[in-house]
Amino acid sequence: MGILLMGSSKEKQFLDLWNDPELKPVIENQIGKYLLSDAGKSIISDVFYSMLGNTRLLKRVGLLEAYTGLDIDSHSVGADWEWEEMNSLEREMYPENKKIVVQPLNAQLSLLSERINDASIPILKETVFSGNETEIRARFLKDHLSEVDMRNGKRFLTSQEVQKYLLHEITEAHRTTEKAARKVANDVMRKAFEMFPESLILTKNKRRLNVIEFLGKR
């Protein structure tokens, strides 16, 4: 820095002041205030956008958004953490803040690869689901229900059995946690019944547990 500021006596004078241990904090404070002023912010903005222009970062991001069809204001990958942290009142007040949750691309490709390699699954069967996490789990649950063993002439699962399914049996990318399993299971059962009322029925058993039953198409 000393070499750069030796071009004139004024620059040398400034360098001397900068190196003065008593004046240096004052100078730094004034520079900080200037950078926070409108003029300072304008300079920072110009430098920032000049750097972005040199790296073509904004064009790269725009290209990726156009290619994937995703938008940061309306999509979230894996989980909508902001929405999950909001309480019920906040969700009612700001429903527009809820984002569409999509699977990470590697998870989608992994799931698709598993399905392609599984000769027991019909090729035309839907294998990659879209929607938020609850909707995706609900679709998997509906398909799983159609394959569970018959009990008393019915195909059904209790909420406790759905918890087990969501913890250990569903595709790994969509598994829940022990802490959230009970709530997630009941949410998924309600969503599945809401999405497939022609194929499912939601009731309670004698122990007051939610029970979801697969009826097939009626």
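# Group meeting: a walk through the predicted model

Hi everyone. Let me start with a single residue: Arg208 has a relative accessibility of 61%, so it counts as exposed. Arg208 sits in the loop that runs between β4 (200-204) and β5. Its backbone is worth a look too, since Arg208 is not a glycine and still has a positive phi of about 65°. For background, most residues other than glycine have a negative phi. Please keep in mind throughout that this is a predicted model.

Arg208 has some company. Asn152 is not a glycine either, and its phi is positive, at about 55°. You will find Asn152 in the loop between α8 and β3. With a relative accessibility of 77%, against a cut-off of over 50% for exposed, Asn152 counts as exposed.

While we are in that loop, have a look at Asp149, which also belongs to the stretch between α8 and β3. Asp149 has a relative accessible area of 63%, so it is exposed as well. What does Asp149 touch, leaving aside its neighbours within four places in sequence? Its contacts there are Lys154 and Arg155.

Now let me step back to the whole chain. The protein has 218 residues, and 29% of them are buried. Its secondary structure consists of 10 helices and 5 strands. If you take the contacts with a separation of 6 or more, 42% of them join residues that are 24 or more positions apart.

Next, the helix pairs. I'll begin with α1 (residues 9-18) and α2 (residues 24-36), whose axes come within 8 Å and cross at roughly 110°. That angle falls in the 65 to 115 range, so α1 and α2 are roughly perpendicular to each other. On the α1 side, the residues involved are Phe14, Leu17 and Trp18, and they meet Lys24, Ile27, Glu28 and Ile31 of α2. Sorted by class, this contact has 5 nonpolar residues, 2 charged and no polar ones.

The second pair is α8 and α10. Here the axes are 8 Å apart and the packing angle is about 75°. These two are therefore roughly perpendicular to each other as well. From α8 come Thr134, Glu135, Arg137, Ala138, Arg139 and Leu141; from α10 come Val184, Asp187, Val188, Met189, Lys191, Ala192 and Met195. The class count for the contact of α8 with α10 is 7 nonpolar, 1 polar and 5 charged.

That pair leads us to the pocket. The largest pocket has a volume of about 950 Å³. Which elements give two or more residues to its lining? They are α5 (81-85), α8 and α10. The most comes from α10, with 6 residues. In total the lining has 31 residues, and nearest the centre of the pocket lie Glu84, Glu133, Thr134, Arg137 and Val184. Three of those names may ring a bell: Thr134 and Arg137 of α8 and Val184 of α10 also take part in the contact between those two helices. And for anyone thinking about the chemistry of the lining, its residues split into 15 charged, 9 nonpolar and 7 polar.

Let's move on to α9, which spans residues 159-169. Which residues of α9 are buried? They are Ser159, Val162, Gln163, Tyr165, Leu166 and Leu167. A reminder that helps here: an α-helix has 3.6 residues a turn, so residues three or four places apart point the same way. And what do the buried residues of α9 pack against? Their partners are α8 (133-145), β3 (155-158), α10 (181-195) and β5 (210-214).

Not every residue of that helix is buried, though. His168 belongs to α9, and it counts as partly exposed because its relative accessibility is 49%, where exposed would need over 50%. Beyond its neighbours within four places in sequence, His168 contacts Arg175 and Glu178.

My last stop is Thr158, in strand β3. Is Thr158 buried or exposed? Its relative accessible area is 12%, so it is buried, the cut-off being under 20%. Setting aside neighbours within four places in sequence, Thr158 is in contact with Met189, Asn205, Asn210 and Val211. Met189 we have already met, in the contact of α10 with α8.

That's my tour. Thanks for listening, and I'm happy to chat about any of it.

Terms used: Residues numbered from 1 in each chain as written. Predicted model: local features only at pLDDT ≥ 70, side-chain atom pairs only at ≥ 80, totals over all residues. Heavy atoms only, no water. Buried < 20%, exposed > 50% of the residue type's maximum accessible area, 1.4 Å probe, protein only. Helix = DSSP H or I, 4+ residues; strand = E, 2+ residues; numbered from the N terminus. Contact = heavy atoms within 4.5 Å. 1 Å grid on protein atoms, 1.4 Å probe; cavity = no way out; pocket = protein on both sides within 12 Å on 5 of 7 lines; lining within 4 Å. Points joined across faces, edges and corners; volume = space filled by probe spheres on them. Nonpolar A, V, L, I, M, F, W, Y, C, P; charged D, E, K, R; others polar. Axes fitted to C-alpha atoms, helices over the stretch in contact; angles between N-to-C directions. Parallel < 35°, antiparallel > 145°, perpendicular 65-115°, else oblique.
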